[in-house]
Amino acid sequence: ILADQVAKSYGTKKSRTIRDLKAPQWSQYLMSSAQFHATVHCILISDTLSVQIAALTVVQLSAFGMTMRRKGFISQKEGVFLYALVLLVGMIVIFDDLMRRSIFNLALFLGNLTAVLRMYFGMNKYLMWSSVVAIVLFLQRKGMLSDDAFPHSLPLMNYASWLLLLSTCYWKCR
């Protein structure tokens, strides 16, 4: 909260986020949703640290790509391609971890839900992330932090969340 206030008071109005990329709006929406997935997956902490290292690598390489773009060493198109490639590689590592831990459907459902709640409905980020942490802690304490705890409903909820994410992308990007 303090960082938001400092940025609002002293930061420049020029943003350097995905929203400012010269790329199709649907790709910006999906790249942004990938960041929500990475955050959810970090909340679902893994014992191997592969998820956190993958997320950190994505952040660092994308920052490097943006610097290369700003300095004129690569084109906008190459920068977007590099960012998409880094996201894809990071997601492969993360998906492997989620499958190994049997939380694939739960993680994708929560990632899609947070992306839609924030990007489409504008939910307060502090309320949203606090709610996700509370849900994860509740499921963990009840021994239900697994796809196996909801064998029938969770895959359906995951598919429904993808339909919701893609449909909000369609409506937001038209």
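This passage looks at helix 2 and its neighbours, a small salt-bridge network in helix 4, and one residue of helix 3, all in a predicted model.

Helix 2 covers residues 25–43. With 19 residues at 1.5 Å a residue, helix 2 should span 27 Å, and its end C-alpha atoms sit 28 Å apart, so the two figures agree. Much of the story here is about what is tucked away: Ser27, Gln28, Tyr29, Met31, Ser32, Ser33, Ala34, Phe36, His37, Ala38, Val40 and His41 are buried. As for what they pack against, the buried residues of helix 2 meet helix 3 (50–70), helix 4 (76–100), helix 5 (104–120), helix 6 (125–141) and helix 7 (153–173).

Of these partners, helix 5 can be described in more detail. Two packed helices are described by the angle between their axes and the distance between the axes. For helix 2 and helix 5, the angle is about 125° and the axes are 8 Å apart. That angle makes helix 2 oblique to helix 5. On the helix 2 side, the contact is made by Tyr29, Ser32, Ser33, Phe36, His37, Val40 and His41. Helix 5 brings Ala107, Leu108, Leu110, Gly111, Asn112, Thr114, Ala115, Arg118, Met119 and Tyr120 to that contact. As for handedness, helix 2 passes helix 5 in a right-handed crossing.

Turning to charged pairs, a search of the whole structure turns up two salt bridges. Side chains of opposite charge can pair when their charged atoms come close. In one bridge, Asp97 pairs with Arg100, with the closest N and O atoms 2.5 Å apart. In the other, the side chains of Asp97 and Arg101 meet at 3.0 Å, N to O. Asp97, Arg100 and Arg101 are thus linked in a network of salt bridges.

Asp97 and Arg100 both belong to helix 4 and are three residues apart, about one turn of the helix. An α-helix has 3.6 residues a turn, so residues three or four places apart point the same way. The members of the network vary in accessibility. Asp97 has 1% relative accessibility and therefore counts as buried, the cut-off being under 20%. Arg100 is partly exposed because its relative accessible area is 47%. Arg101, at 21% relative accessibility, also counts as partly exposed.

A last look goes to Gln60, which is found in helix 3. Its relative accessible area of 48% makes Gln60 partly exposed. Gln60 and Val86 are 26 residues apart along the chain, and their C-alpha atoms are separated by 9.8 Å.

Note on methods:
Residues are numbered from 1 along each chain as its sequence is written. This is a predicted model: local features need pLDDT of at least 70, side-chain atom pairs count only at pLDDT 80 or more; totals for chains, interfaces and linings use all residues. Side-chain values use heavy atoms; hydrogens and water are left out. Helices (H or I, at least four residues) and strands (E, at least two) are DSSP runs, numbered from the N terminus. The expected span of a helix is 1.5 Å times one less than its number of residues. Buried means under 20% relative accessible area, exposed over 50%, partly exposed in between (1.4 Å probe, protein chains only). Contact means heavy atoms within 4.5 Å. A salt bridge is a side-chain nitrogen of Lys or Arg within 4 Å of a carboxyl oxygen of Asp or Glu. Axes are lines fitted to C-alpha atoms, for helices over the stretch in contact, and angles run from 0 to 180 degrees between N-to-C directions. Angles under 35 degrees count as roughly parallel, over 145 as roughly antiparallel, 65 to 115 as roughly perpendicular and the rest as oblique. A crossing is left-handed if the near helix is turned anticlockwise from the far one by less than a right angle, and right-handed if clockwise.
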